[in-house]
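Biologist: Could you show me how to read an interface and a pocket in a model of two chains?

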Amino acid sequence: MAGKTLYDKLWEAHVVRQEADGTALLYIDRHLVHEVTSPQAFEGLRLAGRRPWRTDSVVAVPDHNVPTLGRERGIEDPIARIQVETLESNCRDFGITVFGMDDPRQGIVHVMGPEQGATLPGMTVVCGDSHTSTHGAFAALAHGIGTSEVEHVLATQCLIQKKMRNMRITVEGELPHGVTAKDVALFIIGRIGTAGGTGCAIEFAGSAIRSLSMEGRMTLCNMAIEAGARAGMVAVDQTTIDYFAGRPFAPQGALWDQAVAAWRELHSDANAHFDREEVFDAAEIAPMVTWGTSPEMVVAVDAAVPDPAEEADAVRREGMVKALAYMGLTAGTPITAIPVDKVFIGSCTNGRIEDMRAAAAQIRGRRVAANVRQALVVPGSGLVKQQAEAEGLDRLFVEAGFEWREPGCSMCLAMNADRLEPGERCAATSNRNFEGRQGKDGRTHLVSPAMAAAAAIAGHFVDIRKEGK
Amino acid sequence: MEKFTALEAIVAPLDRSNVDTDAIIPKQFLKSIRRSGFGPNLFDEWRYLDQGEPGMDNSQRPLNPDFVLNQSRYQGAQILLARENFGCGSSREHAPWALLDYGFRVILAPSFADIFFNNCFKNGILPIVLDAASIDRLFAEVAAHEGYRLRVDLEQQQITTPSGASLTFEVDPFRRHCLLEGLDDIGLTLQHVDAIRAYEAQRRAEAPWLFRG
């Protein structure tokens with residue numbers, strides 16, 4: 001008999017009941033909530049006269065709309081202010097823990113959750129946000145849900161689900177110098193496409209994945225959704241367990257030992273069956289830069305903008321032509337010849353302490369290039385900000401001409417004041433280069449934090465493998 | 001949720017793949033705390049020539065004449081014909097809310113992104129997966145015939161073209177049932193309160209660290 005995958009184990013441990021057709025009620029251990037996708041869910045509860053099933057399973061934080069400057073003035077945009085105030089009043093009314101804008105624990109929901117130990121191995125974790133896949137880095141079954149499901153989980157502690165298929169992506173070998181988890185994610189998406197993981201839960205495996213820090217694994221699982229997979233995950237190892245020691249929501253004492261024993265089982269059995277498998281060689285991966293309006297439109301930094309004429313499929317070719325027109329790029333242009341107007345370092349993909357360190361390490365006494373209008377560094381949470389400041393990273397950034405901001409989603413999706421103006425080109429460490437994502441007619445190139453910082457200093461993309469060894 | 005049984009309506013073609021939820025409803029409109037009113041801002045950046053912001057009088061904004069939904073032949077469309085990986089990107093349910101508010105009840109595509117697909121069913125929208133050849137043929141027929149309409153019958157799981165040709169489609173039986181009856185998921189789940197409580201008690205015993213307080 002075939003063994004079980006990590007996903008099989010997580011699924012089976014959470015099935016409350018299952019219909020003959022496979023439709024199951026899946027129990028949810030942790031529900032993370034933010035201001036954008038929850039107000040209609042709380043309103044639905046009120047209209048039906050329902051209460052949350054288990055308030056201790058819910059943790060809320062405003063992140064999408066919060067300003068990254070001048071917090072003492074509150075939120076100037078009246079519509080955004082109402083949304084954040086609505087989250088706070090809903091949490092107050094229903095007895096839910098919320099880290100408000102003035103709380104040092106406030107931050108992007110996917111940075112805050114693991115940081116607090118609110119995400120733990122073996123949990124089911126949901127949030128009304130597609131990047132909930134981030135939490136799978138801890139061998140949790142974690143995925144985004146819509147607002148109707150936010151209400152459903154609040155009311156019932158369960159989701160109605162059908163099991164996804166099992167997919168494993170293995171990356172073996174040692175990642176070359178200058179290549180990070182972000183590059184691995186972009187490389188994989190470039191190979192399998194943005195729909196490559198649709199209908200699947202992806203387990204990332206192999207020696208290159210095991211060698212990643214928890215921050216790196218979170219970056220990788222975060223981008224699983226950009227490969228079409230709602231959930232990405234990595235098996236538990238000592239790196240996972242070490243991450244949780246002393247975190248506020250993590251178990252302590254005898255419970256810690258009991259939990260760790262259970263967590264050690266959270267890996268795929270050696271003879272587990274996967275519906276799909278992909279294997280990549282770490283040595284083939286270079287620092288990656290997207291050139292188009294979908295994360296799969298990506299090449300290595302030493303390549304050139306591809307030519308639609310070489311694409312055989314008509315729909316794809318038309319997509320490439322549209323993307324190049326939107327991006328203001330010409331086929332054949334070397335990636336390193338593309339100048340940038342703005343740089344954004346942050347987001348739930350790359351807003352953690354390791355990302356701040358990697359970006360700061362590129363500065364080496366230099367300054368942001370004259371053609372770069374703005375280089376924003378937005379830590380993922382108040383605690384990441386404190387840690388970075390304790391290490392003096394904020395001073396390095398500010399002295400080099402970067403702006404050091406307060407935590408939030410910021411220019412990843414530009415719901416607050418941080419955005420691109422029409423036609424502006426940005427090197428961004430976020431996760432989506434869709435049309436208009438960072439502002440109407442803004443042009444986004446997705447890169448790692450080190451690549452973004454290097455682009456800020458050079459004024460254009462550079463191959464970081466060739467410098468500063 | 002509004003029931004969906006059958007519909008005959010004009011088809012609008014959106015001929016691009018990987019249409020993401022940022023394109024369906026841009027983020028500035030997500031600041032609303034309501035569920036309705038997103039229709040005028042559906043595909044905002046493609047549909048209008050200016051930059052849309054919440055609170056604008058959309059009837060006064062300059063329309064992009066090249067965008068398909070602005071063409072007179074597609075006015076009143078309730079069926080959207082789309083390409084692969086429709087609805088990729090964020091989990092925002094504002095995307096199906098905007099499509100529904102505009103008037104769409106059916107989306108036809110060769111593939112959908114998972115979260116969006118799921119969100120449609122929660123809002124009385126029927127997303128239908130058809131093979132790529134059928135989708136190609138429908139694009140060609142829509143382009144060739146002004147006023148092209150399809151009849152979509154969920155009970156029979158069948159699409160009928162103006163020439164009388166029919167296509168069958170698959171739909172998850174549970175989701176079909178919920179759409180046909182307009183059922184509220186939460187009400188259905190709460191019929192199993194005892195099973196949830198029993199699971200929870202067992203889980204609390206096995207993994208007490210997951211329960212605080």
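The dialogue below takes the interface and then the largest pocket.

Modeller: This is a predicted model, in which local features need pLDDT of at least 70 and side-chain atom pairs count only at pLDDT 80 or more, whereas totals for chains, interfaces and linings use all residues. Residues are numbered from 1 along each chain as its sequence is written, chains are lettered from A in the order in which they are written, and side-chain values use heavy atoms, with hydrogens and water left out.

Biologist: What is the area buried between chain B and chain A?

Modeller: The size of an interface is often given as the accessible area lost when the parts come together. Here the buried area (accessible area with a 1.4 Å probe lost on being put together, summed over both parts) is about 5,800 Å², of which carbon and sulfur atoms give 56%. B:Lys31, B:Trp209 and B:Arg212 supply 14% of the area that chain B buries against chain A, more than any other three residues.

Biologist: How many salt bridges does the rule find across the interface?

Modeller: With a salt bridge taken as a side-chain nitrogen of Lys or Arg within 4 Å of a carboxyl oxygen of Asp or Glu, the rule finds 8 between chain B and chain A. A:Lys162 and B:Asp172 form a salt bridge, their closest N and O atoms being 2.5 Å apart.

Biologist: Which residues lie nearest the centre of the largest pocket?

Modeller: Rolling a probe the size of a water molecule over the atoms shows where empty space is left. The largest pocket (on a 1 Å grid over the protein atoms alone, an open set of points where a 1.4 Å probe fits, with protein on both sides within 12 Å along at least five of seven lines; lining residues have an atom within 4 Å of a point) is lined by 46 residues, with B:Phe117, B:Asn118, B:Phe121, B:Lys122 and B:Arg175 nearest its centre.

Note on methods. Buried area is the accessible area (1.4 Å probe) that two parts lose on being put together, summed over both.
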